[in-house]
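Work through the exercises below with the model open. Try each task before reading its solution.

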Amino acid sequence: MTSVWKGASVTRLMPTPESVDLMAMVEDFGAAELEPRAEEGEARGDFPREQLAALGELGILGLPYPEEFGGGAQPAEVYLQALEELSRAWMTVGVSVSVHWLACFPLVTRGTQEQQNRWLAELLGGTLLGGYCLSEPESGSDAASLTTTAVRSGDEYVVNGHKAWITHGGVADFYSAMVRTGGPGPKGISCLLVDGQSAGLSALPRERKMGGSASPTAQLLFEDVHVPADRRMGEEGEGFAIAMSALDAGRLGIAACSVGLAQAALDVAVSYARERKQFGRPIADFQGVSFLLADMATAVAGARALYLDAARRKDAGLPFATEAAMAKLAASDMAMRVTTDAVQVLGGAGYTQDFPVERYFRGAKVLQIVEGTNQIQRLVIGRSLGTHGD
Ligand SMILES: Cc1cc2nc3c(=O)[nH]c(=O)nc-3n(C[C@H](O)[C@H](O)[C@H](O)COP(=O)(O)OP(=O)(O)OC[C@H]3O[C@@H](n4cnc5c(N)ncnc54)[C@H](O)[C@@H]3O)c2cc1C
């Protein structure tokens with residue numbers, strides 16, 4: 001049975017009446033709590049921790065996870081559309097929710113029953129926020145070459161190294177960290193659930209970025225950080241596989257954030273084009289503008305369909321890694337193009353901070369870089385075709 005949700009921007013086919021109510025709640029939250037704060041929050045670099053806590057209390061941070069641990073037990077199809085709506089209101093918040101999903105993923109998918117009983121309810125409860133630590137200064141796209149070490153000493157690992165580009169770096173309550181416990185290459189990597197308050201763990205000052213300035217991104221230093229061995233997710237040597245399967249899911253999150261951002265840009269462009277008059281007519285009456293808007297709307301809808309197809313495959317228990325890479329690639333390239341075109345539709349006004357489209361444009365760029373650059377997505381997709389060109 002399909003239920004219809006008519007949102008302010010998009011009409012969606014949802015799987016259940018419950019999910020329709022959820023979408024209405026998320027849209028209301030975005031309109032009341034996020035959208036009005038986005039411009040100033042980005043200008044000042046204020047991390048919206050309070051709003052994320054409120055989303056946690058509403059159950060949004062645990063939406064796709066099992067009910068027995070306080071999650072919302074919603075399919076990816078629903079969770080991702082909620083994420084899209086949040087990103088339409090304020091992309092920094094959408095990205096934060098997506099990163100939290102990524103950070104919880106190892107415990108949810110590879111934690112033992114005992115580990116899940118101990119930590120999962122807390123992680124999904126809404127008050128804690130997670131980070132995901134894979135990248136390092138010398139190991140970006142080539143993530144399997146990471147050098148942060150975790151040396152076993154009795155019932156603990158002693159972790160030393162340097163993680164880079166960590167979203168929520170320095171503000172997260174816990175991190176899923178990929179560390180080297182064995183020899184070189186992917187088989188030497190393990191995954192640890194590290195308490196954000198651990199002694200020896202510190203963050204460098206936040207990166208000064210082109211966009212998304214309200215979202216803290218920082219390097220993390222691990223200096224003799226003692227992590228109890230029972231905080232290892234999966235077996236030693238399984239960390240890289242865990243990290244990659246988390247990214248398969250995370251890429252769907254980035255695709256949904258991309259679509260939300262692009263939808264916001266499209267909405268502004270359409271309403272401006274209807275109002276703005278030149279040559280005695282609204283500029284939307286000129287075919288050069290209306291065809292541009294039509295192409296933008298088609299691109300947004302296409303990317304939405306692509307991530308929803310991948311999400312439904314995931315929900316059905318089918319392989320979805322290639323489809324997730326395609327969705328991330330197409331949606332983030334689309335967001336870059338649509339936000340660029342939105343600036344164009346607004347003309348000079350689009351280039352000023354009087355309208356949000358220049359902020360959307362700056363925010364879009366990072367989506368082509370995070371969770372595997374779009375070149376790396378093409379490698380993943382190419383591998384599925386047997387033509388990766390390495
Ligand atoms: C704002 C932000 C937030 C981030 N958040 C996180 C986070 O929370 N956790 C985390 O672990 N990481 C995070 N990252 C890191 C991100 O995942 C990396 O930036 C990304 O994987 C690329 O690594 P790199 O920056 O070292 O670029 P490099 O790997 O040095 O790549 C540079 C260029 O070379 C290209 N390239 C590299 N290898 C190939 C190849 N084989 N074929 C073709 N082209 C190639 C890349 O596509 C890119 O264009 C974040 C990054 C940013 C900017």
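The exercises cover the ligand site and one glutamate. This is a predicted model, in which local features need pLDDT of at least 70, side-chain atom pairs count only at pLDDT 80 or more, and totals for chains, interfaces and linings use all residues. Residues are numbered from 1 along each chain as its sequence is written, and side-chain values use heavy atoms, with hydrogens and water left out.

**Exercise 1. Describe the shell around the ligand.**

Step 1. Count the residues: 18 surround the ligand. A residue is near a molecule if one of its heavy atoms lies within 4 Å of it.
Step 2. Pick out the closest: Ser135, Ser141, Trp165, Thr373 and Gln375.
Step 3. Sort by class. The shell has nine nonpolar, seven polar and two charged residues.
Step 4. Find the elements. Strand 3 (130-133), strand 5 (156-167) and helix 10 (374-385) each supply at least two shell residues. Strand 5 gives the most, with three.

**Exercise 2. Find N or O atoms of the protein beside ligand N or O atoms.**

Step 1. Start with the ligand's nitrogen atoms. A backbone N or O atom of tyrosine 132 lies 2.8 Å from one ligand nitrogen. For tryptophan 165, a polar backbone atom is 2.7 Å from a ligand nitrogen.
Step 2. Turn to oxygen. Threonine 373 places a polar side-chain atom 2.6 Å from a ligand oxygen.

**Exercise 3. Is glutamate 42 buried or exposed?**

Step 1. Locate glutamate 42: helix 1 (residues 17-44) holds it.
Step 2. Check its relative accessible area, which is 11%.
Step 3. Apply the cut-off. Buried means under 20% (1.4 Å probe, protein chains only), so glutamate 42 is buried.

Key. Polar contact = N/O pair within 3.5 Å; in protein donor to acceptor, adjacent residues only side chain to side chain. Helix = DSSP H or I, 4+ residues; strand = E, 2+ residues; numbered from the N terminus. Nonpolar A, V, L, I, M, F, W, Y, C, P; charged D, E, K, R; others polar. Buried < 20%, exposed > 50% of the residue type's maximum accessible area, 1.4 Å probe, protein only.
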